[in-house]
Amino acid sequence: MSVNTIEENRSRNLFGDQDEAWLFGYGSLIYLVDFPYLESKPASIEGWSRRFWQGSHDHRGTIDNPGRVVTLIEEPGAVCGGLAFRVEASVFAQLDEREKNGYLRVATEMTFVDGSAATGVTYLATADNEAYLGEAGEYEIAEHICHAHGPSGTNSDYLLELAIALRGLGLQDDHVFAIETHILEIQDQMKSTSP
Ligand code: SIN
C-alpha cells in the first residue's frame, strides 16, 4: 500500500479562515502549473535544500519501481529558490490530491525578490513517509531516474524540466544541475548503444 497524505493534509488547518494563501513551489509545482492562481512570483526559503530524495509511486514511477522526485532537507544556512503562487484556499484540495504520495502541508516563511516576506505553505516529504528513498550519490540518482517512469511521464523529464525552469528563474542548484549533466550523458550512452 502506498502512503496517502490527503486526510492528514485536509485536517491541517494552517490558516484558519483565510480565503487565500501563498504556496511555495520548489519542484514540479514550478513548471507544471495545472492549478488556478491569483499571482505568482519568485521566492526563496531559508534553511532548506532541494534534494531528489523522495520516491514517487504515483507520478514518475510506480510502487514496484519508484521514481525520484524532490523534497526539502533541512540545512542551516542554505537557501532554496522557487516560485510562489497566491492561491485561493479551495485550491489546496486539488494540490493535496497531486502531492498525496508522502507530502505534508507545512507552514513556511518565504522571501520575495523585492525583499518582502510572507508566511505560506509548502509541501514537504519528510524521512518518515513510506515513499521516502533518502540520500544517494548524484550519479546513482541519475541512473535511477533514467530507468523510472509513471502515469505523469518519465522521471528524466521531471528532472530536465525542473532544471530548465530553475535556469529560467536565474537560480543555481548544484544538486539538480549535477544530476542533469549525468542524465544527459547516460541518455547519450543509451542512444549510442541501442541498435
Ligand atoms: C513542489 O513542487 O513544490 C513539491 C514537489 C513536487 O510536486 O514536485
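These legends describe close-up views of two pockets and a ligand in a predicted model.

**View 1. The largest pocket holds about 290 Å³ of space.** Its lining is made up of 21 residues. Ser28, His59, Arg98, Glu99 and Tyr158 are the closest of them to the pocket centre. By class, eight lining residues are nonpolar, seven are polar and six are charged.

**View 2. Helix and strand residues contribute to the lining of the largest pocket.** α2 spans residues 28–31 and supplies at least two lining residues. β2 (39–56) and β3 (67–88) each supply at least two as well. Ser28, listed among the residues closest to the pocket centre, falls at the start of the range given for α2.

**View 3. The ligand sits in the largest pocket.** Around the ligand are Gly25, Tyr26, Gly27, Ser28, Leu29, Glu99, Tyr103 and Tyr158. This shell divides into four nonpolar residues, three polar residues and one charged residue. Ser28, Glu99 and Tyr158 belong to the shell, and these three also appear among the residues closest to the pocket centre.

**View 4. Backbone atoms of Tyr26, Gly27 and Leu29 pair with ligand oxygen.** For Tyr26, a polar backbone atom is 2.9 Å from an oxygen atom of the ligand. For Gly27, the distance from a polar backbone atom to a ligand oxygen is 2.8 Å. For Leu29, a backbone N or O atom lies 2.9 Å from an oxygen atom of the ligand. On its own, the ligand has 250 Å² of accessible area, and the protein covers 97% of that area.

**View 5. The second largest pocket has a volume of about 250 Å³.** Its lining counts 17 residues. Nearest the centre lie Arg12, Asn13, Ala89, Phe92 and Arg105. By class, the lining has eight nonpolar, three polar and six charged residues.

**View 6. α3 gives the largest share of the lining of the second largest pocket.** That share is four residues. α3 covers residues 91–98, a range that includes Phe92, one of the residues nearest the pocket centre. α1 (6–10) and β1 (20–25) each supply at least two residues of this lining.

Methods:
Residues are numbered from 1 along each chain as its sequence is written. This is a predicted model: local features need pLDDT of at least 70, side-chain atom pairs count only at pLDDT 80 or more; totals for chains, interfaces and linings use all residues. Side-chain values use heavy atoms; hydrogens and water are left out. On a 1 Å grid over the protein atoms alone, a cavity is a set of points where a 1.4 Å probe fits but cannot get out, and a pocket is an open set with protein on both sides within 12 Å along at least five of seven lines; lining residues have an atom within 4 Å of a point. Grid points are joined across faces, edges and corners, and a volume is the space filled by probe spheres set on the points. Ala, Val, Leu, Ile, Met, Phe, Trp, Tyr, Cys and Pro count as nonpolar, Asp, Glu, Lys and Arg as charged, and the others, Gly among them, as polar. A residue is near a molecule or strand if one of its heavy atoms lies within 4 Å of it. A polar contact is a pair of N or O atoms within 3.5 Å; within protein, one must be able to donate a hydrogen and the other to accept it, and residues adjacent in sequence count only if both atoms are side-chain atoms. Accessible areas come from the Shrake-Rupley method with a 1.4 Å probe; for residues, only the protein chains shown count as cover. A molecule sits in a cavity or pocket if more than half of its atoms lie within 2 Å of its grid points.
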